[in-house]
Amino acid sequence: MEAFLERERAQLPPWFVVGFGVGIAAWFVLDTPTQWLAFLAIAGGIAVAGFTARGGRAERAVGWFAVALVLGCALAWGRSAWVAAPRLERPVITAFEARVERVESLVARGDVRLTLAPAHPDLPPRVRVSVKQDGAPEGLGKGAVVRLRARIAPPPPMALPGSYDFPRDAWFRQIGGVGRAFGEVEMLATGRPGGLDRVRDRLGEHVRERLPGKSGGIATALANGDQNAVEKDDAEAMRRSGLTHLLSVSGLHIAAAVGAVMLLTLKLLALSERLALRFNLVLVAAGAGAVAGVAYTLLTGAQVPTVRSCIVALLVLAGIALGRDALSMRLLSVAALVILLFRPESLAGASFQLSFAAVSAIIALHSSQWARRLFQRREEGIAARFGRALLAMVATGLAVEMALIPFALYHFHRAGLYSVAANLVAIPLTTFIIMPLEAVALLLDAVGLGAPLWYLTGLSIDLLLWIAHTVGSATGAVAMLASMPPYAFALIIAGGVWLCLWTSRVRLLGLVPFALGAAAAAISPRPDLLVTGDGRHLAVVSEDGTPLLLRERSGDFVRTLLAENSGFDGDPAELQAAPSANCSRDSCLADLERGGRRWRMLATRSSTLFPWEQLVASCAEADIVVADRRLPPACAPRWLKLDRIQLEQTGGVAIYLGRARAWTRLRGGLGRTRGRLGRENSLRLLAVQEGERMMPQFVIEREMPGVGGLGAEELKGASQTSCSVIRDLGPEIQWVHSYVTDDKIYCIYRAPNEDIIREHAERGGFPANTISQVRTMIDPTTAE
């Protein structure tokens, strides 16, 4: 071990950053302060043991890794407490005045999104409100004071397991409510927009004026990092073809900007013999490139991938100045550490993970001995040099795609399979044609000569969009995955980190966890039923994988969300058209054949109130009942009830039905405790049902003389006592309803056996004179 660590001593510092990230991830994964304290205590104990044990480099490495775990978890905990801010508990509709903190123009949607600081005692200190573009006043900008009327609601929960965790991001951005304005926004005081925000907005407006239409949206994203102007179908095509990274200002764009400024500076200064002889022009050009990289990063909003790329670029330039390796895993680790120190929450975001995974794969590939031998420049013919360069590009593209596919499947449920071929054309087109043309066009606009270059820029972007649409619409272009188990994702990441950080053959051991994680992801089951956190939207996933939607008028966002979480590449169908479903305007009843048995699902889809007897009877005949309203306790399905009350606790639910068991997967969410971020476990067994048998149902006869004369308050108190005991006993026992006569109460319970019913009676102080198990049910339809 000592000999191995001595050979790999240059690779040990990045493992400290890995430990730091694992500590942050542990805080996100664990639920409560008790668990966080336990993690810190265990990691601290390992650190002490590592430093006090008599040994060499191995013991010290373990100690430093444990120290990093402690620091990462403590930093994330402290950061969450530092940014804690009040949040709405329920929706409100109110008129209020507010100061504008940020204005985002969502050109493709026809909206303007405002981040506001309300001057209203009943609203959080910061809310986000969307306004129709035609309702936004002229000159609306940062610092303005406005009056508006809006519906503000708490940050919406994660809609489904594995979908975008908006509550987490809202917590760290201190956004306590979101909503939409009614009517126009009244300007009370104009702001004084200035600085980079104003420059960024004016640049975007100028680009769209010079290049209207779809091309203007892409050009705006390349110029100032604002992707909100990209048309929806173009953004989808870029995602499907694996080219969406071109819209996010990151390594490619920073490298192009820095490289172009360095080259231009070097060539111009070299024209002077005096300057060339007296100064190190490479250092001067590197300084100019550094200034250009920082300016471009600030201009485009300093997003995580842009900051990461800028930091790496600055380190590369420093390495050039010092005569060191231009790019290494240690430099990338420094960039990651800097970002995590200021924004530890970024670790949980797809942007951070994708950007660092891509660069890590590139560095790991080109630092390997075989890659250096194969791709190293040498004296050979033009054809051979071109072929070697092309081979390096293909190998780099394959390495990057292999690194990114797991992250794309985990976060977005889809990954482009033809992206290597698309990027071989799109990256050179963007780097060497589109971006230089756009930059020169902007410069020539100062003297009114940019029109020809804008025309060429538009043609080039049209070619890029043609590539994206052609590749994205090709058969088999996209791989879909309904869900990736968190443990599989963790195995893949662990294997990838091991592969990238070591340089000797021991790195190949990382293929084992990577393969195990990939296999676990590949065999992960597809959900049979998806229910959003508000209960309004539901998808029954058919045997062929097509999601069947409860509501035929679901919006594009909901349709896309349910399709992706079903692992389906296409537009969902309607549940009411399925032969196994019987739908009316107000509800749907559907039978699902899974694992050799039939499951009956009942779902409401309107606000109409149902007759009491009809609702109770329908619930009793169903295995699963879903509603966006509060259902009465008498509505007792055979297995699972998901009404508004239950969904407020669980959030979105994915239900898996099988021969031996049925279980649900709950979404993560934001805890209600101020100062910390909590969530439900990403996988939690809500209910288990063994074999083909339902939980037995019992009729309990309780002799209670005079019970029929009890008042409402006395019956309420008895019911509260019964419910309290049931909560203590756990989810195995369920009270359906009871019938009260003059001297007796007849109760209907579901329980695995009579013993738990007797225990309930003893704890609650209720008699249980007779307990009879229900063998079957009959009604007038039995005679038909």
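Alanine 318 is located in helix α12, which spans residues 304-322. In this predicted model, alanine 318 is partly exposed, its relative accessible area being 34%. A separation of 301 residues in sequence lies between alanine 318 and cysteine 619, and their C-alpha atoms are 69 Å apart in space. Cysteine 619 is in turn one partner of a disulfide, the other being cysteine 635.

The search for disulfides covered the whole structure and returned 2 of them. A disulfide is a covalent bond between the sulfur atoms of two cysteines. When the bonded cysteines are counted along the protein chain, the pairing follows the pattern 1-2, 3-4. One of the links connects cysteine 583 with cysteine 588, at an S to S distance of 1.9 Å. The angle about the S-S bond of cysteine 583 and cysteine 588 is 115°, and this link is right-handed. The two partners fall into separate classes of accessibility: cysteine 583 is partly exposed because its relative accessible area of 22% is not under 20%, whereas cysteine 588, at 0%, is buried.

The link between cysteine 619 and cysteine 635 likewise has an S to S distance of 1.9 Å. For cysteine 619 and cysteine 635 the torsion about the S-S bond is about -80°, and the disulfide is therefore left-handed. Cysteine 619 belongs to helix α22 (residues 612-621), while cysteine 635 is found in the loop between β15 (624-626) and β16 (640-642); the pair therefore ties together parts that are 16 residues apart in sequence. Cysteine 619 is buried, with a relative accessible area of 0%, and cysteine 635 also counts as buried, at 1% relative accessibility.

Further cysteines were examined for their accessibility. Cysteine 500 has a relative accessibility of 18% and so counts as buried, the limit being under 20%. Cysteine 747 takes part in no disulfide, and the nearest cysteine sulfur, which belongs to cysteine 723, is 11 Å away. Since a disulfide requires sulfur atoms within 2.5 Å, that distance of 11 Å leaves cysteine 747 unpaired. With a relative accessibility of 4%, cysteine 747 is buried.

The nonpolar interior was then considered. The largest nonpolar core comprises 42 residues, and those with the most contacts inside it are Ile24, Trp27, Met329, Leu332, Phe352 and Phe356. Helix α2 (residues 12-29) contributes the most to this core, giving 8 residues. A second core, separate from the largest one, consists of 30 residues, including Leu211, Ala219, Val230 and Ile467.

Ala219 also appears in the contact between helices α7 and α17. Helix α7 covers residues 214-224 and helix α17 covers residues 419-444; the two pack at an angle of about 90°, and their axes are 11 Å apart. At this angle α7 is roughly perpendicular to α17. On the α7 side the contact involves Ala219, Leu222 and Ala223, which meet Thr430, Ile434 and Glu438 of α17. Sorted by class, the residues of this contact are 4 nonpolar, 1 polar and 1 charged.

Histidine 760 is situated in helix α25, formed by residues 754-764. Its relative accessibility is 1%, and histidine 760 therefore counts as buried. Apart from residues up to four places away in sequence, histidine 760 touches Arg702, Ser722, Val725, Ile726, Leu729, Ile733, Tyr749 and Phe766.

Backbone geometry was also examined at glutamine 174 and histidine 413. Glutamine 174, although not a glycine, has a positive phi of about 60°. This glutamine is found in the loop that runs between α5 (166-172) and β5 (178-189), and at 29% relative accessibility glutamine 174 counts as partly exposed. Histidine 413, likewise a residue other than glycine, has a positive phi near 65°. Histidine 413 lies in the loop between α16 (382-412) and β6 (414-416). With a relative accessible area of 4%, histidine 413 is buried.

Methods. Residues numbered from 1 in each chain as written. Predicted model: local features only at pLDDT ≥ 70, side-chain atom pairs only at ≥ 80, totals over all residues. Heavy atoms only, no water. Axes fitted to C-alpha atoms, helices over the stretch in contact; angles between N-to-C directions. Helix = DSSP H or I, 4+ residues; strand = E, 2+ residues; numbered from the N terminus. Parallel < 35°, antiparallel > 145°, perpendicular 65-115°, else oblique. Contact = heavy atoms within 4.5 Å. Nonpolar A, V, L, I, M, F, W, Y, C, P; charged D, E, K, R; others polar. Buried < 20%, exposed > 50% of the residue type's maximum accessible area, 1.4 Å probe, protein only. Core = buried A, V, L, I, M, F, W, Y, C linked by side-chain atoms within 4.5 Å.
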